[in-house]
Amino acid sequence: MTLTVAVAQYAPGEDKAVNLSTIAELLAQAVERGAELVILPEFAVFAASAMDDRFVDSAEPLQGPTVARLAALSAEHGLTLVAGVNEAAGRGRIHNALVALQGGQLVAVYRKAHLYDAFGYRESDRVLAADPQATVLDVNGYGVGLQTCYDLRFPESSRALVDAGAELLAVPAAWAPGPLKEFHWNTLLRARAIENTVYVLAADQTPPAGIGNSIILDPMGVALAAAGEAPGLAVARLERARLAQVREINPALKARRYRVVPRSE
Ligand SMILES: O=C(O)CNC(=O)[C@H](CS)NC(=O)CCC(=O)C(=O)O
């Protein structure tokens with residue numbers, strides 16, 4: 001059983017209508033290339049140059065027009081769509097949320113658990129951290145786990161998704177540029193694929209807020225498709241037989257000795 005997937009990259013700005021038409025255009029191209037699942041970046045429908053009140057002022061509840069439009073696009077194109085949105089959380093705060101849309105319906109929500117208070121950023125000034133919640137949805141028989149950008153630096157968040165049945169990790173991001181940041185992105189994504197024997201579908205914003213380099217990795221950590229620096233798509237066909245073959249020759253998930261204990265604050 002195969003699944004054709006796409007990761008989409010571009011630079012969302014402050015105009016939601018413009019971003020939504022960019023998304024519609026990329027989805028049309030993805031469908032043309034056979035995609036059944038498309039991953040968009042973190043903050044796909046609204047982004048600004050700094051994490052300030054603009055993110056709060058533009059935030060909507062998940063019942064708002066942005067998620068409704070994404071749902072309509074999923075129905076129109078007959079695909080599953082994963083996208084980052086800023087969800088109104090009240091009291092001047094937002095959640096940095098991922099939504100999954102399928103056949104016009106909101107089928108999964110993941111709210112970012114690890115906030116990017118690192119490398120000089122303070123995401124927690126505006127964003128509320130959610131309690132970790134391993135969120136996995138079904139796409140044509142494949143388990144798709146959701147994690148966001150900085151979550152990638154915490155291997156236990158990927159492992160929890162795999163324990164909950166993920167065979168693909170979807171990683172929407174706005175991976176902030178800076179010294180060694182491309183090296184970290186490429187290394188961490190490959191490590192997550194290899195150590196969990198999963199496909200990794202990473203969709204980053206292009207500059208200035210991201211570094212592009214969206215990529216689809218197979219369970220051995222090999223790149224199947226990559227998007228480079230310019231806006232656009234990477235598309236690949238995933239195969240269940242390949243997952244099974246890799247898990248047979250590299251039975252890392254079965255050979256584990258440690259058990260991870262959840263940590264509560
Ligand atoms: O502010 C924006 O518009 C875009 N940035 C984001 O949306 C988020 C939170 S500030 N970025 C990350 O999590 C980057 C993580 C990262 O870069 C790392 O872990 O190294």
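**Note on the predicted model: ligand shell, two sheets and local backbone features**

1. The ligand in this predicted model is surrounded by 17 residues, the closest of which are Tyr 116, Cys 149, Tyr 150, Ala 174 and Ala 176. A residue counts as near a molecule or strand if its C-beta atom, placed from the backbone, lies within 6 Å of it. By class, the shell holds 12 nonpolar, 4 charged and 1 polar residues. Here Ala, Val, Leu, Ile, Met, Phe, Trp, Tyr, Cys and Pro are nonpolar, Asp, Glu, Lys and Arg are charged, and the others, Gly among them, are polar.

2. On confidence, the protein chain has a mean pLDDT of 97, with 99% of its residues at 70 or more; pLDDT is the predictor's confidence in each residue, from 0 to 100. The model scores are ipTM 0.92 and pTM 0.97. Numbering starts from 1 along each chain as its sequence is written. As this is a predicted model, local features need pLDDT of at least 70 and side-chain atom pairs count only at pLDDT 80 or more, while totals for chains, interfaces and linings use all residues.

3. UniProt lists residues 3-240 for "domain: CN hydrolase", in an unreviewed entry. UniProt positions are given in the numbering used here, feature names are shortened, and annotations may be inferred rather than shown by experiment. Over residues 3-240 the chain is 31% strand and 26% helix, and the end C-alpha atoms lie 8 Å apart. Helices (H or I, at least four residues) and strands (E, at least two) are DSSP runs, numbered from the N terminus.

4. One open sheet has 6 strands in the order E5-E4-E3-E2-E1-E12, with mixed pairing; two strands pair if DSSP finds at least two bridges between them. Strand E5 (105-111) and strand E12 (232-239) are at the edges with a single partner strand each, so one side of each has no neighbour in the sheet. Neighbouring strands of this sheet are turned by 30 degrees against each other on average, direction ignored. Axes are lines fitted to C-alpha atoms, for helices over the stretch in contact, and angles run from 0 to 180 degrees between N-to-C directions.

5. Within that sheet, strand E3 (residues 80-90) pairs with strand E4 (residues 93-102) in the antiparallel sense over 10 bridges. Val 85 has Ala 97 as its bridge partner in E4. Helix H1 (residues 16-32) packs on the sheet and touches strand E1 (2-9), strand E2 (37-39) and E12, its direction making about 35 degrees with that of E12. Contact means that the C-beta atoms of two residues, placed from the backbone, lie within 7 Å.

6. Another open sheet of 6 strands runs in the order E6-E7-E8-E9-E10-E11, again with mixed pairing. At its edges stand strand E6 (136-139) and strand E11 (223-226), each with a single partner strand, so one side of each is left without a neighbour in the sheet. Here the average turn between neighbouring strands is 20 degrees, direction ignored. Helix H5 (residues 181-196) packs on this sheet, touching strand E8 (168-173), strand E9 (199-204) and strand E10 (215-217), and its direction makes about 155 degrees with that of E9.

7. E10 and E11 pair in the antiparallel sense over 3 bridges, and Leu 217 has Ala 223 as its bridge partner in E11. The two strands form a hairpin with 5 residues between them, and Gly 221 in the turn has a positive phi of about 90 degrees.

8. Two loop features remain to check. Pro 207 and Pro 208 are joined by a cis peptide bond with omega about 15 degrees; Pro 208 is in the loop between E9 and E10. Leu 180, in the loop between E8 and H5, has a positive phi of about 70 degrees although it is not a glycine.
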